[in-house]
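Could you walk me through this structure in the viewer, one selection at a time? I'd like to know what to click next and what I'll find there.

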Amino acid sequence: MSTSNTYKKVGERSWADEYARLSSAGKRNQPDPEDLENLAVAAYLIGKDIECIDAFTKAHYEFTNRGKIDRAIRCAFWIGMHLMFGGERARSSGWFARAERLIEDNKLDCVEKGFLLVPAALQSLRKGDTEEATLILEKARKIGVRFNDSDLVTMTLLGSGEANIRQGNFSDGIALLDEAMVAVDSGEVSPVVSGIVYCAVIEMCQKIYDIRRAQEWTSALSRWCDSQPDMVPFRGQCLVRRAEIMQIHGEWPQAL
């Protein structure tokens with residue numbers, strides 16, 4: 001499966017270098033919206049959250065002005081997700097609503113329809129309505145498959161795995177989480193989605209006391225983080241999870 005080629009694969013260059021390059025180019029010339037998207041991703045991955053939102057916002061307006069409405073919607077989705085992760089529910093809701101309106105006004109059949117089902121599914125999970133979340137995620141997964149988008153499919157596998165585990169269907173839930181991790185581990189998905197999935201899967205494995213699986217995926221996360229030494233958002237979670245695994249095995253000095 002393909003991912004949006006806007007989001008660069010891990011390992012092409014350091015994210016700090018990427019951010020510096022794109023920032024410098026943007027000061028010299030009017031940047032293309034694609035470069036603004038890449039700037040937003042690089043900014044996020046080196047911990048510059050405000051700059052990330054700013055770049056995505058500029059990309060959103062540029063894509064809108066150029067008539068690339070689907071790309072504008074994708075930017076709006078990621079602005080909403082980053083704001084939601086930061087606890088800014090009202091602002092994130094506004095961006096999701098804008099994205100929905102753009103789809104409706106332009107009568108689009110696009111993969112972004114599936115992406116916009118993800119926050120709705122997360123809301124159902126927060127409310128404890130796992131059945132509704134499962135239905136929403138399956139609808140989103142089918143859209144992802146139809147448009148051949150690995151990011152969307154992997155995010156739905158992650159959500160469905162969590163929903164199954166909450167319902168007590170541990171074997172089915174774990175199988176879905178492992179499937180999501182295969183996509184991440186083989187480099188099929190974008191860096192931001194990779195980090196989200198790594199951390200969520202490890203946390204879920206620890207919640208159900210599947211320590212062997214948590215340790216295995218924590219080792220994979222460690223290798224992934226080590227390959228990108230200037231990455232910020234997921235490094236802290238990686239260190240915490242590694243320390244927790246060490247504590248379980250009684251490796252107190254290493255954990256400290």
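Start with the largest pocket, which has a volume of about 780 Å³ in this predicted model. To find its middle, select F85, L122, E162, I196 and A200: of the 27 lining residues, these are the closest to the centre.

Next, colour the helices around the pocket. Those giving two or more residues to its lining are α4 (69–85), α7 (117–127), α9 (150–166), α11 and α13 (235–248). Which element supplies the largest share of the lining? That's α11, with 6 residues. Now colour the lining by class, and you should get 18 nonpolar, 2 polar and 7 charged residues.

Keep α11 on screen, and show α4 with it. The two axes come within 13 Å and cross at roughly 35°, and the crossing is left-handed. For the contact itself, show side chains for W78, H82 and F85 on the α4 side, and for V192, V193 and I196 on the α11 side. Sorted by class, this contact has 5 nonpolar residues and 1 polar one, with no charged residues. Two of these names should ring a bell: F85 and I196 were also in the selection at the pocket centre.

Now swap α4 for α10. Helix α10 covers residues 170–185 and helix α11 covers residues 191–207. Their axes come within 10 Å and cross at roughly 145°, and here too the crossing is left-handed. To see what touches what, select L177, A180, M181, V184 and D185 in α10, then S194, V197, Y198, V201 and M204 in α11. That set divides into 8 nonpolar, 1 polar and 1 charged.

Last stop: the aromatic rings. The structure holds 6 aromatic pairs, and one to zoom in on is F77 with F96. Are these rings stacked or tilted? They're tilted, at 6.3 Å centre to centre with 45° between the planes. Zoom out a little and you'll see F77 in helix α4 and F96 in helix α5 (residues 89–106), so the pair ties together parts that are 19 residues apart in sequence.

Note on methods. Residues are numbered from 1 along each chain as its sequence is written. This is a predicted model: local features need pLDDT of at least 70, side-chain atom pairs count only at pLDDT 80 or more; totals for chains, interfaces and linings use all residues. Side-chain values use heavy atoms; hydrogens and water are left out. Axes are lines fitted to C-alpha atoms, for helices over the stretch in contact, and angles run from 0 to 180 degrees between N-to-C directions. Helices (H or I, at least four residues) and strands (E, at least two) are DSSP runs, numbered from the N terminus. A crossing is left-handed if the near helix is turned anticlockwise from the far one by less than a right angle, and right-handed if clockwise. Contact means heavy atoms within 4.5 Å. Ala, Val, Leu, Ile, Met, Phe, Trp, Tyr, Cys and Pro count as nonpolar, Asp, Glu, Lys and Arg as charged, and the others, Gly among them, as polar. On a 1 Å grid over the protein atoms alone, a cavity is a set of points where a 1.4 Å probe fits but cannot get out, and a pocket is an open set with protein on both sides within 12 Å along at least five of seven lines; lining residues have an atom within 4 Å of a point. Grid points are joined across faces, edges and corners, and a volume is the space filled by probe spheres set on the points. Rings of Phe, Tyr and Trp (its six-membered ring) pair if their centres lie within 6.5 Å; planes under 30 degrees apart count as stacked, over 60 as edge-to-face and the rest as tilted.
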